[in-house]
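Subject: Structure handover

Hello,

Here is the structure I promised to pass on. Please open it alongside this note. My findings follow below.

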Amino acid sequence: MRMHSIFIGEIERLKRLLIGMGISYDDGEDILQDVYLEAMQKPPKHGDIEENTRWLMRVTINKSKLKFRQKNRNKKF
């Protein structure tokens, strides 16, 4: 439950991060859903709120890079 409240508290910041990376609204929503699921299934072992926030940002960045690579791979074919 704690990770849920941290995610909800940081969702606007995560959205701004995705916008800054040039991610479309629809792709951003998909990425945030994936981040939320990972946060609920495999939360970080850190106890500090700031560290959990940084973890959420790293996961968001990594998921957006993966989405970008998958989109580009599909365009080539």
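Y36 is partly exposed, because its relative accessible area is 25%, and buried would require under 20%. Bear in mind that this is a predicted model. Y36 sits in helix 2. Which residues does Y36 touch, leaving aside its neighbours within four places in sequence? They are H4 and F7. I11 is a useful second marker. Its C-alpha atom is 9.7 Å from that of Y36, although the two residues are 25 apart along the chain.

Now the helix around Y36. Helix 2 covers residues 25-41, which is 17 residues. From first C-alpha to last, helix 2 reaches 24 Å. That is close to the 24 Å expected at 1.5 Å a residue.

Which residues of helix 2 are buried? The list is D27, G28, I31, L32, V35, E38 and A39. Seen down the axis of helix 2, these buried residues fall within an arc of 135°, so they line one face of the helix. D26 and Q41 lie on the other side of helix 2, and both are exposed.

Next, the partner. Helix 1 spans residues 2-20. Helix 1 and helix 2 pack at an angle of about 150°, and their axes are 11 Å apart. The angle is over 145 degrees, so helix 1 counts as roughly antiparallel to helix 2. The crossing of helix 1 past helix 2 is right-handed.

Where do the two helices meet? Helix 1 brings M3, H4, F7, I11, L14, K15 and L18. Helix 2 brings G28, E29, I31, L32, V35, Y36, A39 and M40. Several names from above return here. H4 and F7, the contacts of Y36, are on the helix 1 side. Among the buried residues of helix 2, I31, L32 and V35 also take part in this meeting.

Finally, the chain as a whole. Its secondary structure comes to three helices and zero strands. From the N terminus on, the order is α-α-α. The chain has 77 residues, and 30% of them are buried. The C-alpha atoms fill a box of roughly 45 × 20 × 15 Å along the principal axes. Take the contacts with a separation of 6 or more. Of these, 72% are between residues 24 or more positions apart. The pair Y36 and F7 is a good place to begin looking.

Best wishes

Conventions. Residues numbered from 1 in each chain as written. Predicted model: local features only at pLDDT ≥ 70, side-chain atom pairs only at ≥ 80, totals over all residues. Heavy atoms only, no water. Helix = DSSP H or I, 4+ residues; strand = E, 2+ residues; numbered from the N terminus. Expected span 1.5 Å × (residues − 1). Buried < 20%, exposed > 50% of the residue type's maximum accessible area, 1.4 Å probe, protein only. Arc of directions from axis to C-beta. Axes fitted to C-alpha atoms, helices over the stretch in contact; angles between N-to-C directions. Left-handed = near helix turned anticlockwise from the far one by under 90°. Contact = heavy atoms within 4.5 Å.
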